[in-house]
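Biologist: I am new to this structure and would love a close look at one part of it. Please take me through the inside of the model, and then show me what is built around it.

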Amino acid sequence: MHRFPRSSAAALLAVFLMLAGCASQVSKGEPSSRRDGDAASRKAAPDFELKDMNGKTIRLSDYRGQVVLLNFWATWCGPCKIEIPWFVEFQRTYKDRGFTVIGVSVDEDGWEAVRPFLASRQVNYPVVVSTVEVEQKYGGIEALPVSFLIDREGRIASTHVGLVVKKTYEDEIRRLLD
Amino acid sequence: MKMRSAAFWISALAATALHASAQAPQILTLQEPQKVTVPREGEAKVALKLSMRPGYHANSDRPSEDYLIPMRLTWDAKAPVEAVEVIYPKGKLEKFEFTEKPISVVDGEFEIVTRLRRAPNALPGPAFLSGKLRYQACNDKMCFPPKTIDVKVPLLIQ
C-alpha cells in the first residue's frame, strides 16, 4: 500500500485548518486576518489561469518572483470599492519593485458587470473574472472582500477577509518586498 | 479490504470541517408562511415574515446606488393565483463605513406583503404558491454573495 508521508499529511491538514480558521470567522460575520510570518510555514498559492478584459491569459504562476496581492471582489460589494483605490495606489507605488495586484471579480454577470465598472475607474492592474473552480481552490469565497498576499516564491503570506485598514496591507507589502 | 491512506482520511475530515465552518452565516430567516385562503372574488394577502441577523442589512427593493442588488420577490407565473402587487418594507437610509453617503437598506424584522387574487382558471381546493426571494446582504465590514430563498405558501382556493 502506498503510504503518504506524515510530513505531507500534516502540511495538507495545515492548509485546510488555515482556510477553516478564516472561514469560521466568516461564519461569525467578522473580518479576519491571518499572517504566516515564517516563510517556511507558508503554503503555496493555488495556481490558476483566467482571462482579462482583453482576452489575455493571466496565470498566477507567471508572477512568480513578484509579490502579488490577489483580491477577490465584486461590483456590488461596497467594502471592495473602498479598497480598490488603495490597490491602484499600491500598484503605482510598488510596481517597479516587483509588485502587482490581481483583481478577481466574482460577479455572476461576469464582464457584463465588470467592464463598465473598470471603464469608470482608472484601474491600473490586471483584473480577471473568476470561476467556481478558482474560488474552490481558495477555500470558497463566502464573503467579500478577500485578499491574499503572496510572496515572491508563490506562497500565501497573509489572508484578509473583510475590510481591513490600508496600512495593514501596505506594511505587509513593504515587508514582503524588502 | 483495501486500506485508505492517511492523506485520504485527513483530507476527508478536514474538508468536512472546512465545509461546515465555511458556510456563510444564516443572515435572513423566513418564518414558515401561514396558509392563505383565496376567495372566489376579491383579494387575499400573503405576508412573509423575515428577520435579519443583528448587525446585518440587505439592500431594499429600491437601493439608492446603481451598483447595489435590490431585494426582489418573484412568484411562479403558473400558480393558481395572480400577484396584484408586492409591497416591500420601506428602506432605511443608513451610512456605513464603506459608503460615502447613506444607502437604502432593511434590517431587523420586516414583512413583504403580496396582494393576490384567484386566477381565472384556478380550481377550488388546496394548492401552493411558490416563489423566490433574492437578496444581497452585508455587515459593516463585508458583503455576502446574492442569495435566493425558495418560498412556498399553502393556499386554499375557494
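Modeller: Happily! A nonpolar core is a set of buried Ala, Val, Leu, Ile, Met, Phe, Trp, Tyr and Cys residues joined through C-beta atoms within 7 Å. Buried stands for 20 or more other C-beta atoms within 10 Å of a residue's own, exposed for 12 or fewer, and partly exposed for anything in between, with C-beta atoms placed from the backbone. Please keep in mind that this is a predicted model, where local features need pLDDT of at least 70 and side-chain atom pairs count only at pLDDT 80 or more, while totals for chains, interfaces and linings use all residues. Residues are numbered from 1 along each chain as its sequence is written, and chains are lettered from A and ligands numbered from 1 in the order in which they are written.

The largest nonpolar core has 64 residues. Those that touch the most other members are A:Leu69, A:Phe90, A:Leu144, A:Ile150, A:Ile173 and B:Ala58. Strand β5 of chain A, residues 67-73, gives this core its largest share, 6 residues. (Helices are DSSP runs of H or I with at least four residues, strands are runs of E with at least two, and both are numbered from the N terminus.)

Let us stop at A:Leu69. Beyond its neighbours within four places in sequence, A:Leu69 is in contact (C-beta atoms within 7 Å) with A:Phe87, A:Phe90, A:Val101, A:Ser147, A:Leu149, A:Tyr169 and A:Ile173. A second core of 9 residues lies apart from the largest one, and B:Ala44, B:Val46, B:Val81 and B:Leu116 are among its members.

Two of the contacts of A:Leu69, A:Tyr169 and A:Ile173, bring us to helix α5 of chain A. Helix α5(A) covers residues 166-177, which makes 12 residues, and reaches 17 Å from its first C-alpha to its last. Its buried residues are A:Tyr169, A:Glu172, A:Ile173 and A:Leu176. Viewed down the axis, these buried residues fall within an arc of 100 degrees, so they line one face of α5(A); the arc is taken over the directions from the helix axis to the C-beta atoms. An α-helix has 3.6 residues a turn, so residues three or four places apart point the same way. On the face turned away from the buried side of α5(A) you will find the exposed residues A:Lys167 and A:Asp171. The partners of the buried side are all in chain A: β5, α2 (78-94), β6 (99-105), β8 (146-150) and β9 (155-161).

Helix α2 of chain A is also home to A:Val88. A:Val88 is partly exposed, because 16 other C-beta atoms lie within 10 Å. Residues up to four places away aside, A:Val88 touches A:Gln122, A:Val123 and A:Asn124. A:Val88 and A:Val123 are 35 residues apart along the chain, yet their C-alpha atoms are separated by 6.0 Å.

Stepping back, chain A has 5 helices and 9 strands, and 39% of its 178 residues are buried. Among contacts in chain A with a separation of 6 or more, 75% come from residues 24 or more positions apart. Chain B has 1 helix and 12 strands, with buried residues making up 27% of its 158 residues.

In chain B, an open sheet of 4 strands runs in the order β2-β12-β10-β5, with mixed pairing; strands count as paired if DSSP finds at least two bridges between them. Strands β2 (36-38) and β5 of chain B stand at the edges with a single partner strand each, so one side of each has no neighbour in the sheet. Strand β5 (residues 72-75) runs antiparallel to β10 (residues 125-135) and is joined to β10 by 4 bridges. Here B:Trp75 stands opposite B:Gly131, and B:Leu73 is opposite B:Leu133. On β12 (residues 147-157), 11 bridges make an antiparallel link with β10(B), where B:Pro126 stands opposite B:Leu156.

One last stop is B:Asn139, in the loop between β11 (137-138) and β12 of chain B. B:Asn139 is buried, because 25 other C-beta atoms lie within 10 Å. Leaving out residues up to four places away, B:Asn139 touches residues of both chains: A:Gly29, B:Gly55 and B:Tyr56. From B:Asn139 to B:Ala127 there are 12 residues in sequence and 38 Å in space, C-alpha to C-alpha.

Note on methods: Expected span 1.5 Å × (residues − 1).
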